[in-house]
Amino acid sequence: MGRYEWISLTTDYGTFDGFVAACHGSIARIAPDVRVIDITHHVPPADVTRGAHVLAQTAPYLPESVHCAVVDPGVGTDRRGIAIATPGGILVGPDNGLLVPAAEALGGIDTVVELSNKDWFLGDLSRTFHGRDLFAPAAARIALGAELAEGGPPVDADTLVRLPAPVVSVGDGYFEAEVLTVDRFGNVQLAATGGVLDRVGQELVLNGGVRARRGATFADVDPGDLLVYEDSAGQVAVAVNNGRAVVVLSVTPGDLVKVSTR
Amino acid sequence: MGRYEWISLTTDYGTFDGFVAACHGSIARIAPDVRVIDITHHVPPADVTRGAHVLAQTAPYLPESVHCAVVDPGVGTDRRGIAIATPGGILVGPDNGLLVPAAEALGGIDTVVELSNKDWFLGDLSRTFHGRDLFAPAAARIALGAELAEGGPPVDADTLVRLPAPVVSVGDGYFEAEVLTVDRFGNVQLAATGGVLDRVGQELVLNGGVRARRGATFADVDPGDLLVYEDSAGQVAVAVNNGRAVVVLSVTPGDLVKVSTR
Amino acid sequence: MGRYEWISLTTDYGTFDGFVAACHGSIARIAPDVRVIDITHHVPPADVTRGAHVLAQTAPYLPESVHCAVVDPGVGTDRRGIAIATPGGILVGPDNGLLVPAAEALGGIDTVVELSNKDWFLGDLSRTFHGRDLFAPAAARIALGAELAEGGPPVDADTLVRLPAPVVSVGDGYFEAEVLTVDRFGNVQLAATGGVLDRVGQELVLNGGVRARRGATFADVDPGDLLVYEDSAGQVAVAVNNGRAVVVLSVTPGDLVKVSTR
């Protein structure tokens with residue numbers, strides 16, 4: 001066994017087609033003893049921002065891994081394929097901002113290479129499926145112990161594509177933050193981290209109209225009532241006990257939510 | 001390797017977020033050699049009854065395992081986290097009725113403990129994600145051979161929360177039973193077990209109006225016709241050959257279906 | 001370890017029920033060291049054609065495996081259960097056409113047997129769930145090294161059920177082909193293989209009305225424009241850069257698309 005016993009996969013491939021299995025196949029052919037944890041394959045097609053958030057919030061809870069992520073609308077263009085070394089694992093995927101938040105969550109960017117070594121590819125590189133032909137094979141070789149420097153030339157971290165920082169502003173008795181994600185339960189996660197909750201009171205109002213209360217878990221408010229809490233990823237989130245906050249707030253990722261003391 | 005080489009996971013987490021992967025991560029960090037079988041993560045949110053049925057009907061077909069199940073609308077309240085020992089494996093999850101039908105399917109409840117030993121948690125226990133922080137780690141420790149008694153104090157099985165028993169009644173030439181589940185194919189599974197089919201004839205009528213016939217497999221009736229059969233879990237079920245019984249019967253779990261000799 | 005370290009699974013079982021897990025369970029009980037790659041479980045119910053295509057296009061990218069596929073509307077009838085040996089692996093499933101395209105993709109049919117040896121079944125054979133009771137157990141036994149001939153008597157390959165060949169016709173400056181599949185991204189894959197693109201020019205028209213251009217990857221055309229390309233499975237496909245070709249073309253599998261030089 002090489003340097004990493006685990007590879008994680010995060011894609012927008014869905015599970016209707018055989019794309020995810022082909023990536024598993026590439027890994028199994030190169031590194032059969034390595035095991036794979038699927039983070040999610042239901043990133044909405046081409047939604048790099050969503051992919052970046054789910055990867056960044058999940059990777060720290062996995063064993064030290066090579067995290068292979070592919071949400072890649074620029075596949076086949078001259079966008080770079082990269083590998084990023086961090087204190088907490090390696091990230092492999094396209095240079096479109098997808099990997100950077102996870103790199104920060106894993107301790108920061110140590111080194112970056114551009115994956116251009118053709119010997120690392122599997123078969124002829126297709127122009128539309130780098131998950132199978134480039135990224136999963138690279139992740140497998142790295143898991144087996146290959147040096148990143150064998151994968152291609154170093155990249156200056158300052159040249160990496162980065163997503164715009166989400167909006168968060170804090171004021172007197174309020175904060176305002178962009179919606180990062182909405183989960184399966186309809187809970188609305190904001191870009192603000194939990195510490196900002198010190199700025200507001202217990203009785204709150206959202207977007208100037210909807211009453212909510214601070215709490216720690218869903219049942220801290222009555223069924224149907226709104227709760228503002230620090231979620232399991234350390235972010236501020238809004239939930240409805242026995243309900244769906246996303247419906248009450250009528251928001252979507254990127255929208256702003258203002259949380260004020262009532 | 002400890003006492004169990006397999007852990008199963010059943011949740012309502014869906015596969016859009018990274019929640020399932022975080023549970024896999026907790027297991028991999030504690031018990032990397034244990035392997036995981038995902039039963040389903042598409043239990044409808046907070047539908048404890050559905051989770052209980054799918055777990056009870058699947059667990060007996062897995063190798064002897066630690067079955068970790070999390071459908072947990074009461075997360076973070078004082079509802080107990082428990083582990084149940086049975087002759088056919090261990091069950092881990094919240095004390096809300098989710099585990100009891102599976103315990104019965106695996107041979108009955110031997111012992112129960114409340115999972116309160118903080119040394120078994122992974123990291124700080126969040127108030128909203130006990131799958132990652134409590135239940136998956138506990139399952140991993142048990143799989144490695146930890147004694148249940150190390151996890152917390154014994155629980156009197158009579159105090160466990162139990163789901164209401166589904167309605168089944170049997171009469172002269174008929175039986176009536178609650179719908180337990182509707183599967184992907186639209187087959188309608190009833191709470192009655194297959195033996196009750198001895199009470200009715202071959203030519204049947206459902207809910208007083210819809211004609212059906214007894215059989216053993218779908219093609220025993222013409223395409224579009226209704227079949228009443230014992231399904232692969234040993235329950236009475238209604239199917240339409242080449243069609244969806246749920247549409248014909250227009251039922252949902254909890255509704256009653258009366259099956260009478262025609 | 002026996003002859004195959006990997007089994008792949010392709011079904012129409014979905015992931016809402018416990019059916020897939022029960023198949024994993026059957027494999028784990030018989031061949032615990034074998035590892036499973038799930039190709040997809042979201043073949044539309046009873047859509048044998050779709051199952052055949054996704055299996056044929058994915059299996060070649062997996063390590064040499066026993067490929068177990070179950071899309072089986074005739075379960076419990078006298079349709080045969082079969083295993084097919086090919087130069088690139090073994091295929092196990094119902095004799096309804098599902099396995100033949102994959103057999104061709106893996107190098108052609110060497111030998112076929114009918115799976116009738118009751119000692120290979122697991123438990124009593126249900127009439128409605130041969131994935132759990134027959135096909136997954138057979139795949140596990142074969143992976144462990146059992147000879148196909150132990151599974152049942154030989155079958156003449158000429159007697160296998162085969163799907164109708166999809167329509168492909170080639171003319172002067174055009175070709176016409178059936179839609180094989182539409183993937184998650186809305187890309188429309190045709191039955192014609194990439195070589196047929198030599199018959200047409202760079203500037204194209206689809207179905208006599210929609211303008212498109214040849215290219216190699218999505219960004220070879222402007223956002224919203226149509227691209228005709230050889231996809232990662234070697235088939236001709238139609239995509240829209242940043243969009244969904246299936247919506248523009250308004251086609252479904254089985255429909256014809258005519259690609260002509262403009």
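Where in chain B does B:Asn241 lie? Keep that in mind; the tour will come back to it.

**Before you start**

This is a predicted model, in which local features need pLDDT of at least 70 and side-chain atom pairs count only at pLDDT 80 or more, while totals for chains, interfaces and linings use all residues. Residues are numbered from 1 along each chain as its sequence is written, chains are lettered from A and ligands numbered from 1 in the order in which they are written, and side-chain values use heavy atoms, with hydrogens and water left out.

**Stop 1: chain A as a whole**

Select chain A and show it as a cartoon. You should find 6 helices and 14 strands; helices (H or I, at least four residues) and strands (E, at least two) are DSSP runs, numbered from the N terminus. Along the principal axes, the C-alpha atoms of chain A fill a box of roughly 60 × 35 × 35 Å. The radius of gyration of chain A is 20 Å, which agrees with the value near 18 Å for a compact globule of 262 residues. That radius is taken over C-alpha atoms, and the globule rule is 2.2 Å times the number of residues to the power 0.38.

Now switch on the surface. Chain A exposes about 9700 Å², with 48% supplied by carbon and sulfur atoms; such areas come from the Shrake-Rupley method with a 1.4 Å probe, and for residues only the protein chains shown count as cover. Of the 262 residues of chain A, 58% count as buried. Buried means under 20% relative accessible area, exposed over 50%, and partly exposed in between (1.4 Å probe, protein chains only).

In chain A, 65% of the contacts with a separation of 6 or more are between residues 24 or more positions apart. A contact means heavy atoms within 4.5 Å.

**Stop 2: a helix and a strand in chain A**

Select residues 48-58 of chain A, which form helix α2. This helix is largely enclosed by the rest of the structure, because 9 of its 11 residues are buried. Among the buried ones are A:Val48, A:Arg50, A:His53 and A:Leu55.

Next, pick A:Leu256, in strand β14 (residues 256-261) of chain A. Is A:Leu256 buried or partly exposed? A:Leu256 counts as partly exposed, at 37% relative accessibility. Leaving aside neighbours within four places in sequence, A:Leu256 is in contact with A:Val167, A:Glu176, A:Ala177, A:Glu178 and A:Asn207. A:Asn207 is 49 residues from A:Leu256 in sequence, and their C-alpha atoms are 8.4 Å apart in space.

**Stop 3: from one chain to another**

Show chains A and B together. A rotation of 120 degrees with 0.0 Å of shift along its axis superposes chain A on chain B, with an RMSD of 0.0 Å. The two copies are thus related as by a three-fold rotation axis. Copies are superposed by least squares on the C-alpha atoms of residues with pLDDT of at least 70 in both.

Where the chains meet, 27 residues of chain A are in contact with 32 residues of chain B. About 2300 Å² is buried between chain A and chain B, 58% of it given by carbon and sulfur atoms. Here, buried area is the accessible area (1.4 Å probe) that two parts lose on being put together, summed over both. Select A:Tyr61, A:Arg184 and A:Ser232: in chain A they lose the most area to chain B, together 28% of what that side buries. The copies meet through different surfaces, because only 11% of the interface residues of chain A are also interface residues in chain B.

**Stop 4: B:Thr217, facing chain C**

Add chain C and select B:Thr217, in the loop between β11 (210-214) and β12 (226-230) of chain B. B:Thr217 counts as buried at 1% relative accessibility. Beyond neighbours within four places in sequence, its contacts include B:Leu227 as well as C:Val75, C:Gly76 and C:Arg127. A polar atom of the B:Thr217 side chain lies 2.8 Å from the backbone oxygen of C:Val75.

**Stop 5: back to B:Asn241**

Finally, select B:Asn241, which lies in the loop between β13 (235-240) and α6 (245-249) of chain B. B:Asn241 is buried, with a relative accessible area of 9%. The side chain of B:Asn241 reaches the backbone oxygen of B:Val221 at 2.8 Å. Not counting residues up to four places away in sequence, B:Asn241 touches several residues, including B:Phe218, B:Val221, B:Pro223 and B:Asp225.

Conventions: Polar contact = N/O pair within 3.5 Å; in protein donor to acceptor, adjacent residues only side chain to side chain.
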